[in-house]
Structure formats: structure tokens, C-alpha cells
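Please look over the sequence and the fold shown here before reading on. The report begins with a single residue, then turns to the whole chain and afterwards to other places along the chain.

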Amino acid sequence: MTELAPGRSLVIWGCGGHGRVVLDAARAGARFDRIAFCDDDETAEGRDICGAEVLRGGIEAAAARGFSRFVVAVGRNDLRRRCWERALRSGLRAETCLHPTAWVSSFAAVGTGSVVLAGAIVQTGAVVGDDVIVNTAAVIEHDVRIEDHAHVSPGAVLGGGVAVGSGSHVGAGAVILPGVRVGNGSIVGAGAVVREDVPGGVTVVGVPARIPRTRS
Ligand SMILES: CC(C)(COP(=O)(O)OP(=O)(O)OC[C@H]1O[C@@H](n2cnc3c(N)ncnc32)[C@H](O)[C@@H]1OP(=O)(O)O)[C@@H](O)C(=O)NCCC(=O)NCCS
């Protein structure tokens with residue numbers, strides 16, 4: 001985790017599979033002495049998940065109980081964005097979570113509330129926005145730009161100078177060739193190889209990546 005002092009407390013919004021991954025990343029950083037979950041699923045409240053309590057009362061209750069930081073661990077970009085906005089309104093500060101096995105160049109920037117998970121690489125000159133997921137073993141090459149609320153899935157490779165728009169999702173194992181631009185709110189399917197710019201608001205799949213016929 002970045003810029004942490006002893007005694008900080010973190011609430012992770014979302015106690016599903018991705019939430020447990022983020023919990024591991026936060027613990028591996030070993031700088032928080034108190035980590036808990038909150039979740040919109042009230043049936044999860046009060047449960048112990050991997051040794052972390054799911055707080056009752058949602059993010060506002062977490063703020064009232066003295067938690068200082070949050071990170072949203074929800075894979076779906078639109079939902080994560082809504083949680084992010086609500087958490088900021090609750091008065092908590094967004095935490096940037098870097099797994100200790102992730103490599104982030106000192107000449108790269110990672111925004112607040114973003115997570116860079118185990119084995120991921122963010123190379124020099126890359127700029128990662130706020131509330132972004134750089135998932136397990138993703139490769140973000142030099143000078144890539146990823147806008148807020150995007151998600152780069154496990155094993156995806158973004159070549160040098162790629163641009164990924166706000167709220168876009170790059171699927172697992174996809175490859176985006178250097179310099180290609182993906183518009184806001186688009187989806188790149190798992191395993192796709194993207195050779196040409198992708199407009200906003202579309203889904204592309206395949207090698208080379210194309211909009212599926214059923215959608216055009
Ligand atoms: C691209 C994607 C979003 C499409 O999902 P969907 O909207 O439910 O689409 P469908 O499953 O109805 O598929 C639509 C068409 O695209 C094809 N298709 C879907 N995903 C594909 C992929 N990754 N590669 C190639 N073709 C794909 C389907 O075969 C189908 O083709 P058809 O119309 O000729 O039968 C999804 O398949 C995907 O790849 N998501 C990425 C998931 C991921 O990586 N998650 C990581 C989380 S950590």
C-alpha cells in the first residue's frame with residue numbers, strides 16, 4: 001500500500017471473490033492494523049470472511065466507526081463507480097492498493113482508490129486513473145493511459161502508448177497493440193487481440209478484435 005502510517009484502518013467495499021483478492025493485497029502490504037469489509041448484501045453483514053468482519057450498516061457506518069480509508073472491490077465498472085462516489089461522500093479517503101509483488105515504475109502514476117494486484121507491471125510513463133483495477137499479472141507498458149473506473153483483467157497486455165477510456169473493461173488475456181485507443185465504456189473480450197482503435201460504448205472480441213455480428 002502507498003503512503004501508509006501505522007494505525008490506519010481500511011474498509012474494503014465488496015466481500016466477494018475480488019474483495020478477498022484485494023484483502024490479500026492489503027494484508028500483504030502489512031501496513032494496516034484494522035481491515036474490514038462492507039457490502040450491499042445485508043445477509044453478509046456480521047460474517048467473518050478470511051478473518052475480516054463484514055461491518056453492519058454499509059460504508060456510512062464504517063465512517064462512523066472510525067475507519068479512515070476505503071477501496072472499492074467490485075469488478076463491474078459502473079457499480080464500482082457508484083460505490084466510489086458514495087464512499088467519497090461518506091467522508092472516507094480512497095486508498096491506493098499496490099500488491100508488494102506488483103512492479104510500478106517510479107515514473108508511473110497510479111490514482112487514488114486504484115488497485116494493482118499480484119504480479120502486475122506498470123511501466124515508466126504510464127498513468128493509471130482513479131478507481132481502476134489493474135488485475136493479477138496484467139502488463140501495462142510504457143506511456144499507457146488508463147482513465148478512471150476502468151478494469152484491466154488478469155493477464156491482459158497493453159502495449160506502449162495504449163489509451164483505455166473511462167469505465168472500459170479489458171478482458172482476461174487480451175492484447176492491445178501499441179498506440180491503440182479504446183474509447184470510454186467499451187469492453188474488450190477475453191483473449192482478443194486489438195489492432196485498431198475501438199470507439200466508445202462497444203464490445204469487441206476475437207483475433208483480430210471485431211464487434212460481434214450479433215451486436216453490429
Ligand atoms: C466479450 C464478453 C463481455 C461478451 O459477453 P456477452 O455480452 O455475454 O456476449 P455473449 O456471450 O452473448 O457472446 C456474443 C458473441 O460473442 C462471442 N464471444 C463472446 N466472448 C468472446 C470472446 N472473449 N472471444 C471471442 N468471441 C467471444 C460469442 O461466441 C458470441 O458469438 P455468436 O453471436 O457468434 O454466437 C465476454 O464474453 C468476455 O470475454 N468477458 C470478459 C470476461 C473477463 O475477462 N473477465 C475477467 C474478470 S477478472
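Ser-153 counts as buried, because its relative accessibility is 5%, and buried here means under 20% relative accessible area, exposed over 50%, and partly exposed in between, with a 1.4 Å probe and protein chains only. This is a predicted model, in which local features need pLDDT of at least 70 and side-chain atom pairs count only at pLDDT 80 or more, whereas totals for chains, interfaces and linings use all residues. Residues are numbered from 1 along each chain as its sequence is written, and side-chain values use heavy atoms, with hydrogens and water left out.

Ser-153 sits in the loop between strand E16 (151–152) and strand E17 (157–158), where helices (H or I, at least four residues) and strands (E, at least two) are DSSP runs numbered from the N terminus. Not counting residues up to four places away in sequence, Ser-153 touches Asn-135, Ala-138, His-169, Val-170, Gly-171 and Ala-172, a contact being heavy atoms within 4.5 Å. Although Ser-153 and Gly-75 are 78 residues apart in sequence, their C-alpha atoms are 9.4 Å apart in space.

**The whole chain**

The protein has 3 helices and 24 strands. Its radius of gyration is 17 Å, close to the 17 Å that the globule rule gives for 216 residues, so the protein is as compact as a globular protein of that length; the radius is taken over C-alpha atoms, and the rule is 2.2 Å times the number of residues to the power 0.38. Along its principal axes, the C-alpha trace spans about 50 × 40 × 30 Å. Buried residues make up 50% of the 216 residues, and among contacts between residues at least 6 apart in sequence, 30% join residues at least 24 apart.

The chain is divided into domain 1 (8–95) and domain 2 (96–216), with bounds that come from an automatic or database domain assignment. The C-alpha centres of the two domains lie 24 Å apart, and 17 residues of domain 1 are in contact with 20 residues of domain 2.

**Two residues of helix H3**

Trp-84 lies in helix H3, which covers residues 77–89, and Arg-86 has its place in helix H3 as well. Is Trp-84 buried or exposed? Trp-84 is buried, because its relative accessible area is 8%, whereas Arg-86 counts as partly exposed at 30% relative accessibility.

Leaving aside neighbours within four places in sequence, Trp-84 is in contact with Phe-70, Val-72, Ala-94, Thr-112, Gly-113, Asp-130, Asp-131 and His-149. With neighbours within four places again left aside, Arg-86 is in contact with Trp-13, Asp-40, Ile-59 and Glu-60. Measures along the chain and through space can also be set side by side: Trp-84 and Val-71 are 13 residues apart in sequence and 7.9 Å apart in space, C-alpha to C-alpha, while Arg-86 and Ser-105 are 19 residues apart in sequence and 31 Å apart in space, C-alpha to C-alpha.

**Backbone angles and loops**

Most residues other than glycine have a negative phi, and most peptide bonds are trans. Asp-131, one of the residues in contact with Trp-84, has a positive phi although it is not a glycine, and Asp-143 likewise has a positive phi without being a glycine. The table sets out the two aspartates.

| Residue | Phi | Loop between | Relative accessible area |
|---|---|---|---|
| Asp-131 | about 55° | strand E12 (127–128) and strand E13 (133–134) | 0%, buried |
| Asp-143 | about 65° | strand E14 (139–140) and strand E15 (145–146) | 46%, partly exposed |

Which two residues does a cis peptide bond join? The bond joins Val-207 and Pro-208, and its omega is about -5°; Pro-208 is placed in the segment after strand E24 (203–204).

Another loop, between strand E10 (115–116) and strand E11 (121–122), holds Ala-120, which is buried because its relative accessible area is 0%. Leaving aside neighbours within four places in sequence, Ala-120 is in contact with Thr-101, Ala-102, Trp-103, Val-134, Asn-135, Ala-137 and Ala-138. Two of these names, Asn-135 and Ala-138, are also touched by Ser-153. The C-alpha atoms of Ala-120 and Gly-189, which are 69 residues apart along the chain, are separated by 19 Å.
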